[in-house]
Amino acid sequence: MSILVLHKSNASRRGHLAKAAEYAKKNGDRLLLLVKDLTWEKEFADVAVSVDTSDIEATVAAARALAASEPEPIRAVAAFVGHSVPAAAAVAAELGLPFVGEQVARKVRDKYAMREAFASGNVPQPAYGLARTLDEAVTQAARIGFPLVLKPLIDNDTGYFRRVDSVAELTEHFPVVQRGAWSGIAHNPLYAWMVETYNSAILLEEYLPGAEVSVESIVVDGRAHVVAIHDKPVPMEGPYFVDVHYATPSRLPAEVQERIVESTAASHRAVGIETGAVHTEFRIQSDGTPKILETAARLGGGPVYQSVLLSTGVDMVAAVLDVASGRTPDLTPKPQPTPAGFYLFFAEKAGRISGISGVEEAGRNPRVQELSLYRKVGDAVDVPPRVWQSHGHVIFTADSDDGLVETFDELVKSVRIEIE
């Protein structure tokens, strides 16, 4: 049979496609790939077709043509990036294959619809509201209270998430976030629908203090299986919120982790996810209550996949493809998890990269399992709120939780991106 992967070029997902190719070869399957502006991705697929997965109609047409020309029937559809989930849902519906439904795919990309679903499902979450104008924002702030967070309603590949602590800050930053949230995203598959529905609104949410965690799950026949919980040890208090460091297994108390697992399953039910990989994030309150930030019908971004694999032994890419293919995934973890984590590199200021130092030193560290750079000397880079993607990552393991902390501290000091 053939497995069809819909993708948007992303250097941090190279390992995902490499594993998908390995999986297909092992099972005697053909790997088909739909992605815009094909470059390095071609090496992993039996057939690779260039199509913009933001254009759902064009993607469905390309998938239909591919199915007609393939010597083997397409029996599975998968996506490893959130951007491609709506198109993958449409393709799966066209071909009659398992995936999240088209309405669910839309809901998990529409942050207000997601909040409404959580509310209907009684999933603990921050207070929230919509604002199209500054006056509406001030009214919502009076109800929600400060501090609060301004957020785009739709993912737009930028960092336009901003904490504001007063009416004065809200007045200053609301138009900036609103403009940034809706600019440059016409390529998004849900853009036209979102503009018509929300008319340039942005989301206002209660700011939640507390530790933040990332939860990676596989849903099989409607049942959620939590594979790993990553702590985010570097506090994210604003004004912008950028992931820098993940570490697993979680060091939270067992009873709090149990509540996270329960809330994760409840969030999946609330938005209607009944199959595939899910990435969910929470903030843990002082009484141990996990309050949900959001969920996504995909694997965790960047090096989350490798971190989970190194720690638990569970291969989530293989699990996604198993579920999509009608096979039973192996979700049995190692008896004892290995402390694992990663560090994401960012530039300290906007400009052009003049040098990247410490890479060779980091590579000699026996705890470092992978070091990947997405940018090179001479590239122009930016900083939040105009960008949220990192410029590289390093994945590492240790013999203990404390050893993981020590390794992170060493890497922060050694790997530097120099800007002119």
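These questions and answers go through some named features of a predicted model.

Trainee: What should I know before reading the values?

Mentor: This is a predicted model, where local features need pLDDT of at least 70, side-chain atom pairs count only at pLDDT 80 or more, and totals for chains, interfaces and linings use all residues. Residues are numbered from 1 along each chain as its sequence is written, and side-chain values use heavy atoms, with hydrogens and water left out.

Trainee: Why is H7 called buried?

Mentor: Buried means under 20% relative accessible area, exposed means over 50%, and partly exposed is in between (1.4 Å probe, protein chains only). H7 has 0% relative accessibility, so H7 counts as buried. H7 lies in strand β1. Helices (H or I, at least four residues) and strands (E, at least two) are DSSP runs, numbered from the N terminus.

Trainee: Which residues is H7 in contact with?

Mentor: Contact means heavy atoms within 4.5 Å. Leaving aside neighbours within four places in sequence, the contacts of H7 include R13, L17, L33, E41, T53 and F80.

Trainee: Why is S9 called partly exposed?

Mentor: S9 has 35% relative accessibility, between the two cut-offs, so S9 counts as partly exposed. S9 sits in the loop between β1 and α1 (14-27). Neighbours within four places aside, S9 is in contact with V35, W40 and E41.

Trainee: How do you know that helix α3 is largely enclosed?

Mentor: Eight of the eleven residues of α3 (residues 85-95) are buried, so the rest of the structure largely encloses this helix. Among the buried ones are V85, P86 and V91. The cover over the buried residues of α3 includes β1 (2-7), α2 (56-69), β4 (74-79) and α4 (102-107). G96 follows α3 and has a positive phi, near 70°.

Trainee: What makes P329 buried or exposed?

Mentor: The relative accessible area of P329 is 12%, so P329 falls in the buried class. P329 is in the loop between α11 (316-325) and β14 (340-345). Residues up to four places away aside, P329 touches V220, A319, D322 and V323.

Trainee: What makes S200 and D221 worth a look?

Mentor: Most residues other than glycine have a negative phi. S200 is not a glycine, yet has a positive phi of about 70°. D221 is also a residue other than glycine, and its phi is positive, near 50°.

Trainee: How do you know which of these two is exposed and which partly exposed?

Mentor: D221 has a relative accessible area of 78%, so D221 is exposed. S200 has 32% relative accessibility, so S200 counts as partly exposed. S200 is in the loop between α8 (191-198) and β8 (202-206), while D221 is in the loop between β9 (211-220) and β10 (223-231).

Trainee: What joins F146 and P147?

Mentor: Most peptide bonds are trans. F146 and P147 are joined by a cis peptide bond, with omega about -5°. Another cis peptide bond joins T248 and P249, with omega about 5°.

Trainee: Where are P147 and P249?

Mentor: P147 lies in the loop between α6 and β6. P249 is in the loop between β11 (245-248) and α9 (254-271).

Trainee: Why is F146 called partly exposed?

Mentor: F146 has a relative accessible area of 32%, between the cut-offs, so F146 is partly exposed. F146 is found in the loop between α6 (134-144) and β6 (148-151).

Trainee: Why is E361 called partly exposed?

Mentor: E361 has a relative accessible area of 47%, so E361 is partly exposed. E361 is found in helix α12 (residues 359-363).
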